[in-house]
Protein chains: 2
Amino acid sequence: MIDADLPPEALIARMGTRARAAATTLAAMPAAAKSAALREAADAIRDASATIVAANAEDMASGLARGLSGAMLDRLRLDADRVAAIADGVAAVAGLADPVGTIISEDVRPNGLALSRVRVPIGIIGIIYESRPNVTADAGALAAMAGNAAILRGGSEAARSNAAIHSALVAGLTAGGMPEDAVQLVPTTDRAAVGAMLRAEGLIDLVIPRGGKGLVARVQAEARVPVLAHLDGINHVYVDVAADYDMARRIVIDAKLRRTGVCGAMETLLIHRGWPHRDALIAALDAAGCEVRGDADVATLGYAAASADDWDTEYLDAIASVALVDGVDDAAAFIAAHGSHHTDAIVTDDVATAEDFLARVDSAIVLWNASTQFADGGEFGLGAEIGIATGRLHARGPVALEGLTTYKWVGRGTGQIRGTVA
Amino acid sequence: MIDADLPPEALIARMGTRARAAATTLAAMPAAAKSAALREAADAIRDASATIVAANAEDMASGLARGLSGAMLDRLRLDADRVAAIADGVAAVAGLADPVGTIISEDVRPNGLALSRVRVPIGIIGIIYESRPNVTADAGALAAMAGNAAILRGGSEAARSNAAIHSALVAGLTAGGMPEDAVQLVPTTDRAAVGAMLRAEGLIDLVIPRGGKGLVARVQAEARVPVLAHLDGINHVYVDVAADYDMARRIVIDAKLRRTGVCGAMETLLIHRGWPHRDALIAALDAAGCEVRGDADVATLGYAAASADDWDTEYLDAIASVALVDGVDDAAAFIAAHGSHHTDAIVTDDVATAEDFLARVDSAIVLWNASTQFADGGEFGLGAEIGIATGRLHARGPVALEGLTTYKWVGRGTGQIRGTVA
């Protein structure tokens with residue numbers, strides 16, 4: 001066990017050194033062995049259900065006493081069904097195709113050197129998260145299935161729940177042959193440990209924050225190690241002049257209202273000024289229970305007027321800003337000015353306009369005639385996701401196993417040299 | 001023209017805004033159009049040869065007056081042949097396959113949503129370099145061919161040469177239909193402009209430093225934007241007990257001595273303790289003109305004893321540290337402790353040992369029976385390289401066109417929604 005009372009830098013350095021040793025072992029584990037260990041872990045979590053629920057009850061009690069909001073308490077709460085779902089999630093990761101060892105490209109050079117690029121694990125992934133204790137198992141399992149060691153830092157409000165889940169997870173993984181330090185949980189709720197993780201260059205290879213905007217903003221501002229994350233999901237649906245009314249209505253209402261708190265929810269609706277159904281669509285959105293904040297033209301229809309800030313706001317609520325635009329050029333320019341490079345969609349029956357939008361809108365995910373709420377690793381067929389990234393490097397959009405790998409160049413020769421040696 | 005007297009932050013912000021507009025245009029340019037523009041640029045550089053050489057003569061004169069070293073002056077010097085080689089390099093980039101638009105993966109989801117991942121440019125690439133003026137053309141051409149806008153910041157000692165090359169490059173690119181701001185050169189030698197580039201989050205998407213260790217270390221320490229780079233090339237050749245003597249001798253001498261100043265040069269030689277030819281190999285390296293600094297066993301043969309620092313030193317000179325190891329496990333552990341994740345090689349006739357080494361050594365490039373001096377984008381068939389990266393994210397090893405791209409998810413639906421809407 002790591003001594004939780006070490007100063008944060010020393011604690012993270014100790015954990016990083018152990019993680020590196022574990023990562024070396026994990027990198028060499030065949031897919032079947034990793035899958036088997038994860039299935040053991042899923043069983044161990046199922047077996048520990050009562051213990052986990054009891055630990056969670058203590059977290060819930062102290063959360064209530066500390067006055068956590070109802071939303072936070074709901075995110076924190078575990079019962080037997082939720083623990084079973086966590087175990088199922090780990091088992092599902094065990095069934096995913098392992099990207100490690102995949103050949104990305106191969107070539108024999110004119111001098112006979114056989115050269116390939118081979119997927120390998122990244123190494124050590126740090127996960128920093130808040131109140132949802134399921135992340136302990138989900139993120140640990142995904143990192144380990146891709147051959148990485150994980151260092152997890154959960155929220156203090158979920159400390160007992162996380163410890164109980166982690167304990168079961170590690171018991172299963174080690175029973176299945178993984179090193180004990182494959183998935184480590186930072187054993188302190190001292191916030192300075194987060195800072196130490198963010199500065200752990202050379203020890204932690206990648207940090208992924210999971211949580212609210214405050215957490216992500218802190219991680220992005222302080223990190224000296226690479227980060228995959230998204231800060232905002234200011235997502236647009238552009239309804240073109242050639243859109244079918246009923247398709248547009250269903251997509252817009254789903255994109256906004258299916259779940260308003262997810263990062264893939266629509267926040268701004270752009271409608272072609274010349275589309276005959278524009279007023280009806282806005283009325284339908286309003287009637288579905290969404291507050292409409294419109295530009296000057298939309299406000300004349302009797303809706304609230306949007307402020308300048310509205311166009312740059314992620315509501316995560318039943319509110320949408322609505323603007324009229326003059327076509328796909330105008331829509332693309334609007335999205336470039338106000339979007340967050342997360343998920344943007346067009347609704348149109350015109351193929352050329354759709355392809356123009358898909359080519360020009362520079363977001364991690366661009367969709368034609370589909371709801372922005374599909375922005376999710378599961379929906380994309382990745383089996384799971386460790387997060388959604390809106391940066392431009394390494395991985396964009398939903399990040400799953402492949403995003404947790406990198407590659408190396410492997411050259412096999414027969415004595416090739418570059419110059420001349422007698 | 002950008003006003004060179006603006007404060008550095010304002011200058012880079014102005015250039016970044018112009019670069020973003022150019023990047024939007026470049027991202028939509030077909031491969032043939034980009035190639036044609038680069039061929040125009042190659043011609044323009046050829047046509048401007050006398051002007052470029054004259055500008056370079058002024059840089060050389062002031063470099064001499066400022067007491068630059070002979071090595072720096074050689075890197076700075078241009079003549080008609082070197083300018084022709086720069087133009088040829090740009091023409092070669094024009095002939096490379098364009099990765100933009102390549103489909104990385106595609107899938108039709110059970111709900112009918114057709115989903116693909118498509119390569120797109122990264123956006124805006126900042127290149128920070130020192131005395132070699134050819135980087136102005138090489139890096140600008142590579143960035144633009146991958147559909148990116150470039151912001152170049154060269155060394156003050158090459159300011160006139162860079163300006164002359166840049167002027168010809170841009171004249172050719174714009175004649176060929178690229179936006180004027182596709183490749184911008186920072187018009188000041190104020191070092192604060194480098195700091196402004198490194199802090200230009202949201203304006204510059206990726207910084208690539210090209211130059212000595214001091215430059216790379218500064219960039220890595222200060223950058224708030226992502227960086228692709230390598231700080232060191234502490235490369236090992238491990239000669240196994242099953243190595244052929246003559247192959248080992250030729251590879252080791254080539255790896256160390258073909259060019260000692262390149263990042264792919266061998267710095268440390270590891271030899272299996274039980275290999276019968278070990279003393280002969282060390283003697284051959286010594287006889288070829290390389291200073292040997294050995295571990296305790298090697299020193300008993302009459303060579304200098306290595307200090308503890310030697311094992312972590314990139315000599316970039318005709319010096320090698322030499323240690324005996326007990327096999328591939330020991331060699332891999334040695335490389336993990338002292339290597340820089342750049343390029344490491346094994347020489348052996350034993351396939352299993354070779355594959356073990358290739359799997360376990362965690363470097364951007366691992367080679368079997370080939371010289372480490374192949375660590376080069378041209379030798380790897382990439383046509384060119386903008387640098388070699390030893391980090392773990394996005395791109396490793398030689399970085400060329402593909403490394404200057406990212407991807408986006410493109411979904412084409414027929415009205416799919418995730419929930420239910422009446």
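Trainee: How many residue pairs are in polar contact across the interface of chain A and chain B?

Mentor: In this predicted model, the rule finds 55 such residue pairs across the interface of chain A and chain B, with both residues at pLDDT 80 or more. On the chain A side, strand S16 (405-416) supplies the largest share, 11 residues. Other elements that each supply at least two residues include helix H9 (213-222), helix H14 (351-360) and strand S13 (365-370). By residue type, this side of chain A divides into 33 nonpolar, 18 polar and 20 charged.

Trainee: What makes the meeting of B:Glu355 and A:Arg412 a salt bridge?

Mentor: The rule asks for a side-chain nitrogen of Lys or Arg within 4 Å of a carboxyl oxygen of Asp or Glu. The side chains of B:Glu355 and A:Arg412 meet at 2.7 Å, N to O, and therefore the pair satisfies the cut-off of 4 Å. Across this interface the rule finds eight salt bridges.

Trainee: What is the extent of the interface of chain A and chain B, in residues and in buried area?

Mentor: In contact are 71 residues of chain A and 71 residues of chain B. The two chains bury about 5900 Å² between them, and 51% of that area lies on carbon and sulfur atoms. Lost accessible area is quoted here because the size of an interface is often given in that form.

Trainee: Why are S13(A) and strand S16 of chain B called paired?

Mentor: Two strands pair if DSSP finds at least two bridges between them. Five bridges join S13(A) to strand S16 (residues 405-416) of chain B, so the criterion is met. These two strands run parallel. One of the bridge partners in S16(B) is B:Trp409, which stands with A:Ile365.

Trainee: Which strands make up the open sheet that holds this pair, and in what order?

Mentor: The sheet has 10 strands with mixed pairing, in the order S10(A)-S9(A)-S11(A)-S8(A)-S7(A)-S12(A)-S13(A)-S16(B)-S2(B)-S1(B).

Trainee: Why do strand S10 of chain A and strand S1 of chain B count as edges?

Mentor: Strand S10 (304-305) of chain A and strand S1 (103-108) of chain B each have a single partner strand, so one side of each is left without a neighbour in the sheet.

Trainee: How do you know that strand S9 of chain A pairs with S10(A)?

Mentor: Two bridges join strand S9 (residues 291-294) of chain A to S10(A), and the threshold is at least two, so the strands pair. They run parallel, and A:Gly294 stands opposite A:Ala305 in S10(A).

Definitions and conventions. Residues are numbered from 1 along each chain as its sequence is written. Chains are lettered from A and ligands numbered from 1 in the order in which they are written. This is a predicted model: local features need pLDDT of at least 70, side-chain atom pairs count only at pLDDT 80 or more; totals for chains, interfaces and linings use all residues. Side-chain values use heavy atoms; hydrogens and water are left out. Contact means heavy atoms within 4.5 Å. Buried area is the accessible area (1.4 Å probe) that two parts lose on being put together, summed over both. A polar contact is a pair of N or O atoms within 3.5 Å; within protein, one must be able to donate a hydrogen and the other to accept it, and residues adjacent in sequence count only if both atoms are side-chain atoms. Helices (H or I, at least four residues) and strands (E, at least two) are DSSP runs, numbered from the N terminus. Ala, Val, Leu, Ile, Met, Phe, Trp, Tyr, Cys and Pro count as nonpolar, Asp, Glu, Lys and Arg as charged, and the others, Gly among them, as polar.
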